[in-house]
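Student: I have a model open and want to go over its charged pairs. Can you take me through it?
Tutor: Yes, here it is.

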Amino acid sequence: MATKTGKKYIICDVAPAKHGKTTFLKEVIKVLTIHLGAGLVIATHWRIDQCVVFTHKKSGITILVQTGGDKEVSFVHTIEYLKTHEVDIILCARH
C-alpha cells in the first residue's frame, strides 16, 4: 500500500448538470499542477476523459482527479488504468 494508514478514499462531487463540478475539478488539477516539483509528479494524464494522476514523491500517495463521469465513455480509460495501478485518493464528478 502506498499510504501509511492503508486507507483509500473516493471523494465524489455530486450535483445536477451545470453546477460547476467539472470546473471545480479542473481548478483542483491546476492547483496540484502548481505544486509539481514540490513533491508532486504527474504519473499519467489523458485528455479524452480529463483525468490526471498525481504521485507525491516522498510519501508515494497517488491522487486521481477525474473531471468527467456522467457517461460511461467519460471514464473508460480510468477503469482500465485502475485495473493495473493502485490509487489512494480519487476525486471525481457525478450527476
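Tutor: One term to begin with: helices are DSSP runs of H or I with at least four residues, and they are numbered from the N terminus. Keep in mind that this is a predicted model.

Student: Fine. Which helix holds Glu 27 and Lys 30?
Tutor: Both lie in helix H1, residues 21-34. They sit three residues apart, about one turn of the helix.

Student: What do Glu 27 and Lys 30 form?
Tutor: A salt bridge, with the closest N and O atoms 3.3 Å apart.

Student: Is Glu 27 buried or exposed?
Tutor: Neither label fits: Glu 27 is partly exposed, because its relative accessible area is 40%, and that class runs between 20% and 50%.

Student: How many salt bridges are there in the whole structure?
Tutor: A search finds four. Lys 8 takes part in one with Glu 86, at 2.8 Å from N to O.

Student: Where are Lys 8 and Glu 86 in the chain?
Tutor: Lys 8 is in the segment before strand S1 (9-14), and Glu 86 is in the loop between helix H2 (76-84) and strand S5 (89-94). They are 78 residues apart, so this pair links distant parts of the chain.

Student: What about Lys 8 and Asp 88?
Tutor: Their side chains also meet in a salt bridge, 2.8 Å from N to O. Asp 88 is in the loop between H2 and S5, so its pairing with Lys 8 ties together parts that are 80 residues apart in sequence.

Student: Which residues do the shared partners join into one network?
Tutor: Lys 8, Glu 86 and Asp 88.

Student: How accessible is each of those?
Tutor: Lys 8 is partly exposed, at 35% relative accessible area. Glu 86 is partly exposed too, at 48%. Asp 88 has 0% relative accessibility, so it counts as buried.

Student: Why would such side chains pair at all?
Tutor: Side chains of opposite charge can pair when their charged atoms come close.

Student: Change of topic. In what order do the elements run?
Tutor: From the N terminus on, β-α-β-β-β-α-β. That makes two helices and five strands.

Student: What share of the chain is buried?
Tutor: Buried residues are 35% of the 95 in the protein chain.

Student: And how much area does the chain expose?
Tutor: About 6200 Å², with carbon and sulfur atoms supplying 62% of it.

Student: Last one: what share of the contacts join residues at least 24 apart?
Tutor: 56%, counting contacts between residues at least 6 apart in sequence.

Key
Residues numbered from 1 in each chain as written. Predicted model: local features only at pLDDT ≥ 70, side-chain atom pairs only at ≥ 80, totals over all residues. Heavy atoms only, no water. Buried < 20%, exposed > 50% of the residue type's maximum accessible area, 1.4 Å probe, protein only. Contact = heavy atoms within 4.5 Å. Areas by Shrake-Rupley, 256 points an atom, 1.4 Å probe, with all protein chains shown as cover.
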